[in-house]
Amino acid sequence: MDDRHGKHYGRLLLPKDCCMYSFRVDVPAQFRFPCQIESLEKKARETRPVKMEPAAGGGGGRQQASRRRPADLGLLALLCSSLLLNAIFLARHFLPPSRLLAGSGGGGGTCGLSWALQAAREAEAVAAVDCSGHGQAFIDGVAGEDGRPGCECNACFGGPDCSLRTPGCTADADSGNPLFLEPYWRRHAAASAVVVSGWHRMSYTATDGMFQSVELERQIRRLHRAVGNAVADGKHVVFAAGSVQLINALVYALSPDANAASPPARVVATAPYYPTYRTQTKMFDGREYKWGGTTAQWGNASRSSTDGGFIEFVTSPNNPDAQLQRPVLGGSSAAAIFDHAYYWPHFTHIPAPSDEDVMMFTMSKPSGHAGSRFGWALIRDEKVAKKAYEYVQNSVMGASRDTQLRMLGIVKAMLANLHGEEDIFAFGHEVMRNRWRRLSAAVSRSRRISLQKMVPEYCTYFKRVREPSPAYAWVKCEREEDEDCHEALLKAKIITRTGVGNEAGSRYTRISLLKTDDDFEVLMERVTDLVDAEKNGDAPGSSSM
């Protein structure tokens, strides 16, 4: 046996007349196990290949071969082909995983695994549950009468196996749930799987008494260098329970001390902005900072020493309209927090690495793992980084160690495939580009609604001009009577997120393009119905809808 290039080859013993042919059989990676390989290698060493000896008399043997009839040669070729096909079949089905994982306790047939066997069986069994391609089963799902978790169906699908489509279903395009990457991780189930022992990281702290994984930090720095979206060298990394926790952690870190004589900092953003900046700042309103509204209020206004400093959120690409942004307020009294949640090649072009003083990221957008609740900040100033770290330490004692372990595996899997055929950013861009193309084509037929303008741009990651692939469509209702765009689309059975929360006005609303394929297909049906009704002069909500 030989495992060069990650493949295993075996020698097949055929009749003498077939031994003039050589070939290899590739055993798929999912069927290779250490105990299987070791056993086959041992057999290969003990088995000597058949050696062809020339027939007695030298030339007589050649004369005998030359006298063979064509029918004999055809029969021989058929026999060799049959043996070859059977050998390939056996190689593919030799010792399947269920056979290898079977076995008792510490006995044979376990490939050296012991405590991980049961967890592996459970994970494989749940992953194999058939949900008709319209749902998923999860280990922590609600168990049925048989004690096993059942399917959790996508929106507009139901039934035990999610095979029943709900007629006339409403499209839910509100949430930014990044489920469009779910198929990618199902394709990379082995590379992204993590087995966690019951005693893993039971301590409050991790390596060197810190609340952060040293190795995960190293891999995150590698990811930024490889993608080219941010300069991580010379900056401190602070982990948090998602970017939502980072919002207030960074505001706190940039604000004056509570006992300082200076007035509280004003937290501002440019409309349309991510509403959580406002809601969270107001919720934590304190002595150090307060919500100051939009930058439009302060951009050209004269400022006095009693106004205090500013902390400006700069979301780039912006949520909701996907535009790259720069700070509006300048000067020594204004600090900026760059929210780069969407600054990855599947959502936007990367013109250059961002090298700002304070930048925040979340794993939910590059990999899609929103439920893991993991985010990080890159901070140049040591004092600011220390205050942000102390905020996270005092609020939740650091991001979950189990989450950090899972994210370590995810980041490694991403790095292993960058710029290859299985590049997650190439996969993501293809999906999002196609969705934007289809939605834009449908909306282009309407005079009732319009989308934000986007053009192809050069991307340093792909080293080419890439087409737009925004996470969200920023919709404007153009008709005078559709003053509330959210309500107008709701009548057409499309749930969106109103632009009122972004301080953009009710004529705007946001449509998420991030969810499952099923969600997007239902969305396209409803948008098409809306445009067709407009062309036919039908009112929203009529039978044609």
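**Exercise 1.** In this predicted model, locate A352 and classify its accessibility as buried, partly exposed or exposed.

*Solution.* First, place the residue: A352 belongs to the loop that connects β10 (334-339) with β11 (358-362). Next, take its relative accessibility, which is 35%. Buried requires under 20% and exposed over 50%, so A352 is partly exposed. Finally, consider its surroundings: the C-alpha atom of A352 is separated by 6.5 Å from that of N229, although these positions lie 123 residues apart along the chain.

**Exercise 2.** Determine how the axes of helices α9 and α10 are oriented to each other.

*Solution.* Begin with the helices, α9 (residues 242-254) and α10 (residues 276-283), whose axes come within 10 Å. Their crossing angle is roughly 55 degrees. Angles under 35 degrees count as roughly parallel, and the roughly perpendicular range is 65 to 115; α9 and α10 are therefore oblique. The handedness of this crossing is right-handed.

**Exercise 3.** Compare the settings of A322 and H419, starting from phi.

*Solution.* Most residues other than glycine have a negative phi. A322, however, has a positive phi near 70 degrees, and H419 has a positive phi of about 65 degrees. A322 lies in the loop between β9 and β10, whereas H419 lies in the loop between α12 (401-417) and α13 (424-443). With a relative accessibility of 11%, A322 is buried; H419, at 52%, is exposed.

**Exercise 4.** Identify which residue S316 is joined to by a cis peptide bond, and place that residue.

*Solution.* The cis bond runs from S316 to P317, with omega near 0 degrees. P317 is located in the loop between β9 (310-315) and β10.

Definitions and conventions:
Residues are numbered from 1 along each chain as its sequence is written. This is a predicted model: local features need pLDDT of at least 70, side-chain atom pairs count only at pLDDT 80 or more; totals for chains, interfaces and linings use all residues. Side-chain values use heavy atoms; hydrogens and water are left out. Axes are lines fitted to C-alpha atoms, for helices over the stretch in contact, and angles run from 0 to 180 degrees between N-to-C directions. Helices (H or I, at least four residues) and strands (E, at least two) are DSSP runs, numbered from the N terminus. Angles under 35 degrees count as roughly parallel, over 145 as roughly antiparallel, 65 to 115 as roughly perpendicular and the rest as oblique. A crossing is left-handed if the near helix is turned anticlockwise from the far one by less than a right angle, and right-handed if clockwise. Buried means under 20% relative accessible area, exposed over 50%, partly exposed in between (1.4 Å probe, protein chains only).
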